[in-house]
Amino acid sequence: MSTHSALGIRHPDGKITGCYVHYDGETMKPRIQDFINKKTTTGLFTLIVKAQIVGGMRSFHSTGLDEAAGKTTDYLDDDEPYIIDEINFYDDHMGTIAWYLVDYETGNIKQTNKW
């Protein structure tokens, strides 16, 4: 069963760059933190923009926690971009159960769950 989520970066001007993530929505926070620690919020921003172009991510994996197990971030293969921004971030994106919003400047992660 997939647990859908939204992953986004909140920029200093209040705008959000976000994407849809299809799997593992309940358990992403440690992987997001690990990714930020190793690749910075700019690296996460770049990953999110790449995901937007292909409809989102199938699954999000961090560089340190998951690479040893052979897991890498996997993208969807949609023909149309799927853009999540400050207007629709907290919407229900195909059954979203969690929203992860990263502050671009501090790297702090705010997690909001559906229940």
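# Burial, pairing and packing

Q: At 38% relative accessibility, what does Y90 count as?
A: This is a predicted model, in which local features need pLDDT of at least 70, side-chain atom pairs count only at pLDDT 80 or more, and totals for chains, interfaces and linings use all residues. Residues are numbered from 1 along each chain as its sequence is written, and side-chain values use heavy atoms, with hydrogens and water left out. A residue is buried under 20% relative accessible area, exposed over 50%, and partly exposed in between (1.4 Å probe, protein chains only). With its 38%, Y90 therefore counts as partly exposed.

Q: Is the pair formed by the rings of Y90 and W99 stacked, edge-to-face or tilted?
A: The structure holds 4 aromatic pairs (rings of Phe, Tyr and Trp, the last by its six-membered ring, with centres within 6.5 Å; planes under 30 degrees apart are stacked, over 60 edge-to-face, the rest tilted). The centres of the Y90 and W99 rings are 6.1 Å apart and their planes stand at 45°, so this pair is tilted.

Q: Which residues form one aromatic cluster?
A: W99 is buried, with a relative accessible area of 8%, whereas Y90 is partly exposed at 38%. The cluster that holds W99 and Y90 also includes F89, and its members are F89, Y90 and W99.

Q: In what sense do strand 1 and strand 2 pair?
A: Strands (E, at least two residues) and helices (H or I, at least four) are DSSP runs numbered from the N terminus, and two strands pair if DSSP finds at least two bridges between them. Strand 1 covers residues 5-10, and strand 2 covers residues 16-21. The two form a hairpin with 5 residues between them, where G14 in the turn has a positive phi of about 95°. Over their 6 bridges, the sense of pairing is antiparallel.

Q: Which residue in strand 5 is the bridge partner of S5?
A: Strand 1 also pairs with strand 5 (residues 98-103), in the parallel sense and over 6 bridges. In strand 2, S5 has V21 as its bridge partner. In strand 5, the bridge partner of S5 is A98.

Q: How many of the 6 residues of strand 1 are buried?
A: Strand 1 has strand 2 as an antiparallel partner and strand 5 as a parallel partner. The strand is mostly covered, and the number of its 6 residues that are buried is 5.

Q: Which element supplies the largest share of the largest nonpolar core?
A: The largest nonpolar core (buried Ala, Val, Leu, Ile, Met, Phe, Trp, Tyr and Cys residues joined through side-chain atoms within 4.5 Å) has 20 residues, and those with the most contacts inside it are L7, I32, L44, M57 and F60. Strand 1, strand 2, helix 1 (29-53) and strand 5 each supply at least two residues of this core. The largest share, 7 residues, comes from helix 1.

Q: With which residues is I32 in contact, leaving aside its neighbours within four places in sequence?
A: I32 is among the residues with the most contacts inside the largest core. Taking contact as heavy atoms within 4.5 Å, the partners of I32 beyond those neighbours are L7, L44, F60, Y100, V102 and I109.

Q: How many residues apart are K15 and E86?
A: K15 and E86 form one of 4 salt bridges (a side-chain nitrogen of Lys or Arg within 4 Å of a carboxyl oxygen of Asp or Glu). Their closest N and O atoms are 3.9 Å apart. K15 lies in the loop between strand 1 and strand 2 and E86 in the loop between strand 4 and strand 5, so that the pair links distant parts of the chain, 71 residues apart.

Q: What N to O distance is found in the salt bridge of K38 and D34?
A: K38 and D34 are 4 residues apart in helix 1 and are therefore separated by about one helical turn. K38 is partly exposed at 49% relative accessibility, whereas D34 is buried at 11%. The N to O distance in this salt bridge is 2.6 Å.

Q: What is the phi of M94, which is not a glycine?
A: Most residues other than glycine have a negative phi. M94 is in the loop between strand 4 (74-75) and strand 5 and is partly exposed, with a relative accessible area of 48%. Its phi is positive, at about 60°.
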